[in-house]
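The following paragraphs lead the reader through the structure displayed below. They take up salt bridges, the nonpolar core, a helix pair and individual buried residues.

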Amino acid sequence: VLSSSMADFPRMTLTPLFRVFLVCFAAALAGASPRVEGEEVLRLAVYFPDYRHDEGYRPTLYGTTDLILFSATPRDDGSVDFSRITPGLLAMGRQAREESGARVTVCVGGWGRGKLFANAVSTAGNRARFVEALGAFCRENDLDGVDIDWEFPRGEREHADFTAFLQALSGVLRAETRVL
């Protein structure tokens with residue numbers, strides 16, 4: 001039974017994997033699972049960081065529906081540094097998709113990289129470059145989409161720029177049947 005104590009859930013000291021389990025379990029109990037054509041679908045998204053990958057490594061996915069390759073880095077001009085998304089990491093993602101049907105996406109940002117987004121989305125030109133770089137990377141590497149991990153936009157200007165960026169990126173990705 002869910003109670004008001006769930007409001008304190010994020011402050012609890014739990015392992016990250018246990019937190020994922022509890023959030024998924026609570027969402028399932030609350031009936032919050034997304035629905036596809038009348039069926040409930042519970043998605044389990046897992047970040048796989050580049051620094052955890054060794055050539056030839058084959059992860060056990062345990063029901064993972066979305067494998068997020070972590071992490072590319074935005075640059076001030078809207079270009080993106082994809083150097084951490086290595087060919088080996090991409091190959092592991094393709095293999096995971098083939099073996100389990102998981103969607104494979106690329107993450108941009110993450111902890112400690114939040115300040116890098118503000119300039120990357122600050123002008124229409126930067127946003128267009130950012131969107132094009134992400135779309136091209138997905139096309140070139142047959143990825144299913146993009147995960148944006150900006151921690152955190154601050155102030156009205158950054159929120160407005162972020163919204164404009166997400167709208168543009170969503171349009172490009174959806175046109176190619178990719179996810180954001």
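**Salt bridges, core and helix packing**

Arg 178 and Glu 176 are joined through their side chains by a salt bridge, with a distance of 3.0 Å from N to O. This pair belongs to a wider arrangement, since salt bridges with shared partners connect Glu 132, Arg 139, Glu 176 and Arg 178 into one network. The model in which these contacts are found is a predicted one. Arg 178 has a relative accessible area of 15% and is therefore buried, the limit for that class being under 20%. Glu 176, by contrast, has a relative accessibility of 26% and is classed as partly exposed.

The structure contains ten salt bridges. Another of them brings together the side chains of Arg 103 and Asp 66, at 2.6 Å from N to O. This bridge connects distant parts of the chain, as Arg 103 belongs to strand 6 and Asp 66 to strand 4, with their positions 37 residues apart in the numbering. The two partners fall into separate accessibility classes: Asp 66 is buried at 7% relative accessible area, whereas Arg 103, at 28%, is partly exposed.

A bridge of a more local kind is formed by Asp 161 and Arg 157, whose side chains meet at 2.9 Å from N to O. Both residues are part of helix 5, where they stand four residues apart, or about one turn of the helix. Asp 161 is buried, with 9% relative accessibility, while Arg 157 is exposed, with 55%.

Attention may now turn to the interior. The largest nonpolar core comprises 33 residues, and those with the most contacts inside it are Leu 69, Phe 130, Leu 134, Val 146, Ile 148 and Phe 165. Two or more residues each are supplied to this core by strand 4 (66–74), helix 2 (87–100), strand 6 (103–109), helix 3 (117–120), helix 4 (124–141), strand 7 (145–149) and helix 5 (155–175). The greatest contribution comes from helix 4, which gives six residues. Strand 4 and strand 6, already introduced as the elements that hold Asp 66 and Arg 103, are thus also among the contributors to the core.

Phe 130 illustrates how such a core residue is surrounded. Apart from neighbours within four places in sequence, Phe 130 is in contact with Pro 74, Gly 78, Val 80, Val 108, Phe 117, Ala 120, Val 121 and Phe 165. One of these partners, Phe 165, is itself listed with Phe 130 among the residues with the most contacts inside the core.

How do helix 4 and helix 5 cross? Their axes come within 10 Å and cross at roughly 35°, and the crossing is right-handed. On the side of helix 4, the residues involved are Arg 127, Phe 130, Val 131, Leu 134 and Cys 138; these meet Asp 161, Ala 164, Phe 165, Ala 168, Leu 169, Val 172 and Leu 173 of helix 5. By class, this contact consists of ten nonpolar residues, no polar residues and two charged residues.

The charged residues of this contact deserve separate notice. Arg 127, located in helix 4, is buried, with a relative accessible area of 16%. When neighbours within four places in sequence are set aside, Arg 127 is in contact with Ala 120, Val 121, Ser 122, Asp 161, Ala 164 and Phe 165. Asp 161 is thus a contact partner of Arg 127 as well as the salt-bridge partner of Arg 157.

Two further buried residues complete the description. Ala 96 is situated in helix 2 and is buried at 4% relative accessible area. Beyond residues up to four places away in sequence, Ala 96 touches Leu 61, Leu 67, Gly 101 and Ala 102. Of these contacts, the one with Leu 61 joins positions 35 residues apart in sequence, with a C-alpha to C-alpha separation of 7.8 Å.

Phe 82 occupies the loop between strand 5 (80–81) and helix 2. Although placed in a loop, Phe 82 counts as buried, at 16% relative accessibility. Its contacts, leaving aside neighbours within four places in sequence, are with Ala 72, Ala 133, Leu 134 and Phe 137. Leu 134 is thereby a partner of Phe 82 and also one of the helix 4 residues that meet helix 5. The C-alpha atom of Phe 82 is 7.7 Å from that of Ser 71, which lies eleven residues away along the chain.

Terms used. Residues numbered from 1 in each chain as written. Predicted model: local features only at pLDDT ≥ 70, side-chain atom pairs only at ≥ 80, totals over all residues. Heavy atoms only, no water. Core = buried A, V, L, I, M, F, W, Y, C linked by side-chain atoms within 4.5 Å. Buried < 20%, exposed > 50% of the residue type's maximum accessible area, 1.4 Å probe, protein only. Contact = heavy atoms within 4.5 Å. Axes fitted to C-alpha atoms, helices over the stretch in contact; angles between N-to-C directions. Left-handed = near helix turned anticlockwise from the far one by under 90°. Nonpolar A, V, L, I, M, F, W, Y, C, P; charged D, E, K, R; others polar. Salt bridge = Lys/Arg side-chain N within 4 Å of Asp/Glu carboxyl O.
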